[in-house]
Amino acid sequence: LPSRVGYADRILTIAGQTDPEAVVSINDQVIPVLPGGQFSQQMSLQPGNNLLKIQAKTKRSQPHTQYVQIYVEDQPN
């Protein structure tokens, strides 16, 4: 199900743990993975629907892809 956030919450931090050798990308933009496998990236969201494609892949495995949809309400008048 889509998540709903208010206008003030337009910066989202995506963080997780993966294989230290994995390549992680969000919306096809590669983000750094620390030697222990941790990753963290801040994303700026736009008003309305935001679809995030989060993918991790290693040389030995098929890509693991997850889609997250977040709805940001417009700024109140």
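This report covers the fold, the salt bridges and two buried strand residues of a predicted model.

## Overall make-up

The protein chain has 0 helices and 7 strands. Read from the N terminus, the order of elements is β-β-β-β-β-β-β. The chain holds 77 residues, and buried residues make up 25% of them. Its accessible surface comes to about 5,500 Å². Carbon and sulfur atoms account for 50% of that surface. Among contacts with a separation of 6 or more, 52% join residues 24 or more positions apart.

## Salt bridges

How many salt bridges does the model contain? The count comes to 3. The table lists each pair with its closest N and O distance.

| Pair | Closest N and O atoms | Separation along the chain |
|---|---|---|
| D19 and R60 | 3.3 Å | 41 residues |
| R60 and E21 | 2.8 Å | 39 residues |
| D28 and K53 | 3.3 Å | 25 residues |

Take D19 and R60, which form a salt bridge with closest N and O atoms 3.3 Å apart. This pair links distant parts of the chain: D19 sits in the loop between β2 (11–17) and β3 (23–26), and R60 sits in the loop between β6 and β7 (64–72). R60 also forms a salt bridge with E21, at 2.8 Å. Here too the pair links distant parts of the chain, with E21 in the loop between β2 and β3 and R60 in the loop between β6 and β7. D19, E21 and R60 are thus named together as a network of salt bridges.

Are these residues buried or exposed? R60 has 61% relative accessibility, so it counts as exposed. E21 is exposed as well, because its relative accessible area is 56%. D19 is at 27%, so D19 counts as partly exposed.

D28 forms a salt bridge with K53. D28 lies in the loop between β3 and β4 (29–31), while K53 lies in strand β6. The pair links distant parts of the chain. D28 is exposed because its relative accessible area is 57%. K53 has 23% relative accessibility, so K53 counts as partly exposed.

## Two residues of strand β6

I54 lies in strand β6, which spans residues 48–57. Why does I54 count as buried? Its relative accessibility is 17%, and the cut-off for buried is under 20%. Beyond its neighbours within four places in sequence, I54 is in contact with I14, S25, I26, H64, T65, Q66 and V68. One of these contacts, V68, is 14 residues from I54 along the chain. The C-alpha atoms of I54 and V68 are separated by 7.8 Å.

Q55 also lies in strand β6. Q55 is buried because its relative accessible area is 15%. Leaving out neighbours within four places in sequence, Q55 is in contact with V23, V24, S25, P63, H64 and T65. Which side chain makes a polar contact with the side chain of Q55? It is that of T65, at 2.8 Å.

S25, H64 and T65 appear among the contacts of I54 and among those of Q55.

Key:
Residues numbered from 1 in each chain as written. Predicted model: local features only at pLDDT ≥ 70, side-chain atom pairs only at ≥ 80, totals over all residues. Heavy atoms only, no water. Helix = DSSP H or I, 4+ residues; strand = E, 2+ residues; numbered from the N terminus. Buried < 20%, exposed > 50% of the residue type's maximum accessible area, 1.4 Å probe, protein only. Contact = heavy atoms within 4.5 Å. Salt bridge = Lys/Arg side-chain N within 4 Å of Asp/Glu carboxyl O. Areas by Shrake-Rupley, 256 points an atom, 1.4 Å probe, with all protein chains shown as cover. Polar contact = N/O pair within 3.5 Å; in protein donor to acceptor, adjacent residues only side chain to side chain.
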